[in-house]
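This report looks at how some of the helices pack against one another and at the enclosed space among them. Please keep the structure in view while reading.

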Amino acid sequence: MEPPFSHAGELAALATACCWTVSALAFQNAGRRVGSLPVNLIRLVMAAFLLGAFTWATRGTPLPTDASSHTWLWLGLSGLVGFTIGDLCLFRAFVLVGARISMLLMTLVPLFTTVLGFLVMGEVLTPMELAGMALTIAGVSSVVSERRRDASGRIERLPLAGILLGLGGAVGQALGLVLAKFGMGSYNAFASTQIRVLVGLVGFAVVFTATGRWPRVRAALSDRKAMTSTGIGSFFGPFLGVSLSLLAVQYTEAGVAATLMALAPVLIIPVSIIFYREHVAWPAAVGAAVAVCGSALLFL
């Protein structure tokens, strides 16, 4: 699909990285107050209303009733994989290892996208792509292996469960992005996001019903600070950020878009230092930069 202006896809991807920086920190705050599961469900409900209002104003319909069955199928699968499964892992990682480390693990999305292309479609890996994978893995490994002090001053490593959950979130986003690009075609990006959100909501409703977690949602709704953070995260995450990410893959190659969107962990470092007083050692900052550079090499 032809972009409306030069580098529209690349600019949308950069804007996505900024949005995801804000949403990651907002969801970290909310998740640590009321738990990651309620925040996951509530932010999708908020996003569904925001998307409905926006598409009603811009397209004349609050629901994506004009989407084809092909679009619903593949975007629906993308919503289940990306929102229900992937974000279920990612939001728990926010609580266990924090937004900065979780978003760093998301730099592996381009790597996983490349590997999926090799396994599913038989795409050949070039020496440059192999070098990019090595750099990305080295950068991420240098950060997740860092030691930090807990509240009592003892030195500890990052919890393995949080790292594995962050990796699960990266795999979910990579597969969800591939499925979304295949299903969206030239369909409206915000309406496409709406389909993903609605199906993701159904997925979470099944999870909450099966596990009996609905009382936790009611308790979370009474926490004003958590709901404020969730509202901010919902606007910059599943509403604006995800829609911009779909615009990015619509107007440029999925790999290029994924690489630019992977800049979020670099953008989040100064925010974590200034507003959260988080100590970020220089090796961790270098590791984040190396990981992003490795992601970029995958698509040169």
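Two residues are said to be in contact when they have heavy atoms within 4.5 Å. The model discussed here is a predicted one.

**Helix 6 and helix 9**

With that meaning of contact in mind, one can follow how Leu177, Ala180, Lys181 and Met184 in helix 6 meet Leu246, Val249 and Gln250 in helix 9. Sorted by class, the residues of this contact comprise five nonpolar, one polar and one charged. The two helices pack at an angle of about 65°, and their axes lie 10 Å apart. Because angles from 65 to 115 degrees count as roughly perpendicular, helix 6 is described as roughly perpendicular to helix 9. The crossing of this pair is right-handed.

**Helix 7 and its two partners**

Helix 9 also meets helix 7, which spans residues 189-211, and the axes of these two helices come within 8 Å while crossing at roughly 120°. That angle makes helix 7 oblique to helix 9. On the side of helix 7, the contact is made by Ala189, Phe190, Ser192, Thr193, Arg196 and Val197, and on the side of helix 9 by Pro238, Phe239, Val242, Ser243, Leu246, Leu247 and Gln250. The classes found in this contact are eight nonpolar, four polar and one charged.

Helix 7 has a further contact, with helix 2, which covers residues 36-59. Since angles over 145 degrees count as roughly antiparallel, and the axes of helix 2 and helix 7 cross at roughly 150°, the two helices are roughly antiparallel to each other. By class, the residues of their contact are 16 nonpolar, six polar and two charged.

The three pairs are set out in the table.

| Pair | Axis distance | Angle | Handedness |
|---|---|---|---|
| Helix 6 and helix 9 | 10 Å apart | about 65° | right-handed |
| Helix 7 and helix 9 | within 8 Å | roughly 120° | right-handed |
| Helix 2 and helix 7 | within 9 Å | roughly 150° | left-handed |

**The largest cavity**

How many cavities of 30 Å³ or more does a search of the whole structure find? The search finds two, and the largest cavity has a volume of about 420 Å³. This cavity is lined by 29 residues, of which Trp20, Asp87, Leu90, Gln173 and Val242 are the closest to its centre. Among the elements that give two or more residues to the lining are helix 1 (8-34), helix 3 (69-105), helix 6 (160-184) and helix 9 (224-251), and helix 3 gives the most, with seven residues. Sorted by class, the lining holds 20 nonpolar, six polar and three charged residues. Val242 therefore appears twice in this account, being one of the residues closest to the centre of the largest cavity and also one of those by which helix 9 meets helix 7.

Terms used. Residues numbered from 1 in each chain as written. Predicted model: local features only at pLDDT ≥ 70, side-chain atom pairs only at ≥ 80, totals over all residues. Heavy atoms only, no water. 1 Å grid on protein atoms, 1.4 Å probe; cavity = no way out; pocket = protein on both sides within 12 Å on 5 of 7 lines; lining within 4 Å. Points joined across faces, edges and corners; volume = space filled by probe spheres on them. Helix = DSSP H or I, 4+ residues; strand = E, 2+ residues; numbered from the N terminus. Nonpolar A, V, L, I, M, F, W, Y, C, P; charged D, E, K, R; others polar. Axes fitted to C-alpha atoms, helices over the stretch in contact; angles between N-to-C directions. Parallel < 35°, antiparallel > 145°, perpendicular 65-115°, else oblique. Left-handed = near helix turned anticlockwise from the far one by under 90°.
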